[in-house]
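Student: I'd like to learn how to read salt bridges in a model. Could you walk me through them?

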Amino acid sequence: MRWRMPPQMVGGQALGPVVMARSGRGVVVVRQVLAFPTGVLIEVEAHGRGTWSDSDLDGSPLRFSIRFGDGRVAVLDDDAGLRNGQGPMLHAYQTQSSGGGPDASEEIQMSLWLWPLPPAGPVGVTCSWVSAGIGSAELVLDGDALCSAAEQAEPFWPAQ
């Protein structure tokens with residue numbers, strides 16, 4: 001299940017924290033990017049004011065996609081990359097959200113797992129959050145830096 005979640009390892013630090021997008025009603029922050037031999041963990045948090053509604057109960061209003069430097073693309077939780085066996089696959093393996101109150105505030109935390117480890121070159125991470133006034137924002141990661149960080153990953157426990 002290497003496509004579904006990070007391995008039991010301490011990931012190599014590649015980036016973080018960085019503001020990915022900001023509007024008058026919302027902010028999306030990439031808290032950290034950790035690289036592993038099999039993929040990349042992207043931890044995101046978002047804060048909105050006046051963005052929460054009952055319709056958000058069906059799923060996260062945050063949308064993400066990935067574009068590798070070689071042209072391959074993955075949309076959050078679309079399994080096309082898994083079906084072709086080559087990736088990429090972008091999966092939200094942990095999500096927490098809360099919202100409401102008189103100011104309709106919203107807090108979202110997501111752990112996104114990207115499989116496989118991207119090749120060298122740019123890796124575009126795109127997000128949108130329409131209700132927060134964020135139509136499209138992109139953070140470009142360096143595939144070479146991700147590969148270098150993955151070499152720093154280490155198992156939780158030494159090999160027996």
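Student: Which residue forms a salt bridge with Arg-67?

Tutor: Here is the general idea: oppositely charged side chains can pair when their charged atoms come close. In this predicted model, Arg-67 pairs with Glu-138, and their closest N and O atoms are 2.4 Å apart. The two sit in distant parts of the chain, with Arg-67 in strand β6 (residues 63–67) and Glu-138 in strand β11 (residues 134–142), 71 residues apart.

Student: How do I read the surroundings of Arg-67: buried or exposed, or in between?

Tutor: Buried means under 20% relative accessible area and exposed means over 50%. Arg-67, at 36%, therefore counts as partly exposed. Glu-138 has a relative accessible area of 41%, so Glu-138 is partly exposed too.

Student: How many salt bridges does the structure hold?

Tutor: There are 3 salt bridges. One of them joins the side chains of Glu-45 and Arg-31, at 2.9 Å from N to O. Glu-45 belongs to strand β5 (residues 39–48) and Arg-31 to strand β4 (residues 26–36), so this pair ties together parts that are 14 residues apart in sequence.

Student: Why does Glu-45 count as buried?

Tutor: Because its relative accessibility is 14%, under the 20% cut-off. Its partner Arg-31 is partly exposed, at 38%.

Student: And which side chain does Asp-70 meet in a salt bridge?

Tutor: Asp-70 meets Arg-72, with an N to O distance of 3.0 Å. Asp-70 is partly exposed at 47% relative accessible area, and Arg-72 counts as partly exposed at 25%.

How values were computed: Residues are numbered from 1 along each chain as its sequence is written. This is a predicted model: local features need pLDDT of at least 70, side-chain atom pairs count only at pLDDT 80 or more; totals for chains, interfaces and linings use all residues. Side-chain values use heavy atoms; hydrogens and water are left out. A salt bridge is a side-chain nitrogen of Lys or Arg within 4 Å of a carboxyl oxygen of Asp or Glu. Helices (H or I, at least four residues) and strands (E, at least two) are DSSP runs, numbered from the N terminus. Buried means under 20% relative accessible area, exposed over 50%, partly exposed in between (1.4 Å probe, protein chains only).
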